[in-house]
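Biologist: Thanks for sitting down with me over this one. Could you walk me through the charged pairs, one at a time?

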Amino acid sequence: MADEGRPHPRLTHTDDQGRARMVDVGGKPVTERKAIAEALVVMSAATLDLIFDGVLPKGDALGTARLAGIMGVKKTPELIPLCHPISVSGVTVDLERAETGVLVRTTVTTSDRTGVEMEALTGSAVASLTLYDMIKGVDRGARIEKIRLLHKSGGRSGEWAAG
């Protein structure tokens, strides 16, 4: 009830009757767009060592997760019903050792009529799920946390960064 009494902004993915619809972006200009999202896969220090020493029983977890993240970006419109298929021009999935696990950061770029936020978020989510799959046999307590958008630029709304 935090917004009680205040008008709600119009949701772009619903029509006047509240039914889901795909937004028509045909009249929007093509612009350079970029989004960065991240997720944290939390695990034990012993599991981190296995991953970064390259001795995990299932194999190269980082390489496998990186490829899965890229594939996730490319499959986003098939997974998220109202996302437009767009021409992705670049994807990087970086996995770095953090104090409590592996930080997965996905950067996606395009020149198109709509943004790549969902693609970046999907890339980080799929890479994180893949990393979890690679370590679940040695670390049942592993978990995925903090999937979030960090930055977006391009388009009518311009630049945005997480606080």
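Biologist: Which residue does Glu38 meet in a salt bridge?
Modeller: Keep in mind that this is a predicted model. Glu38 sits in strand 1 (residues 31-42), and its partner is found in strand 4 (residues 143-153), 110 residues apart. The N to O distance is 3.1 Å, and the partner is Arg148.

Biologist: Is Glu38 buried or exposed?
Modeller: The cut-off for buried is under 20% relative accessible area. Glu38 has a relative accessible area of 10%, so Glu38 is buried.

Biologist: And what about Arg148, which class does that residue fall into?
Modeller: Values between 20% and 50% fall in the middle class. Arg148 has a relative accessible area of 35%, so this residue is partly exposed.

Biologist: Which residue forms a salt bridge with Glu117?
Modeller: The N to O distance in this pair is 3.9 Å, which is within the 4 Å limit. Glu117 lies in helix 3 (residues 117-135) and the partner in strand 4, so the pair ties together parts that are 35 residues apart in sequence. Glu117 counts as partly exposed at 21% relative accessibility, while the partner counts as buried at 11%: Lys152.

Biologist: How far apart are the closest N and O atoms of Arg143 and Glu145?
Modeller: Both side chains are partly exposed, Arg143 at 42% and Glu145 at 25%. They form a salt bridge, with the closest N and O atoms apart by 2.6 Å.

Biologist: Which residues do salt bridges with shared partners join into one network?
Modeller: We have already met the pair of Glu38 and Arg148. Shared partners join these two into one network with Arg105.

Terms used:
Residues numbered from 1 in each chain as written. Predicted model: local features only at pLDDT ≥ 70, side-chain atom pairs only at ≥ 80, totals over all residues. Heavy atoms only, no water. Salt bridge = Lys/Arg side-chain N within 4 Å of Asp/Glu carboxyl O. Helix = DSSP H or I, 4+ residues; strand = E, 2+ residues; numbered from the N terminus. Buried < 20%, exposed > 50% of the residue type's maximum accessible area, 1.4 Å probe, protein only.
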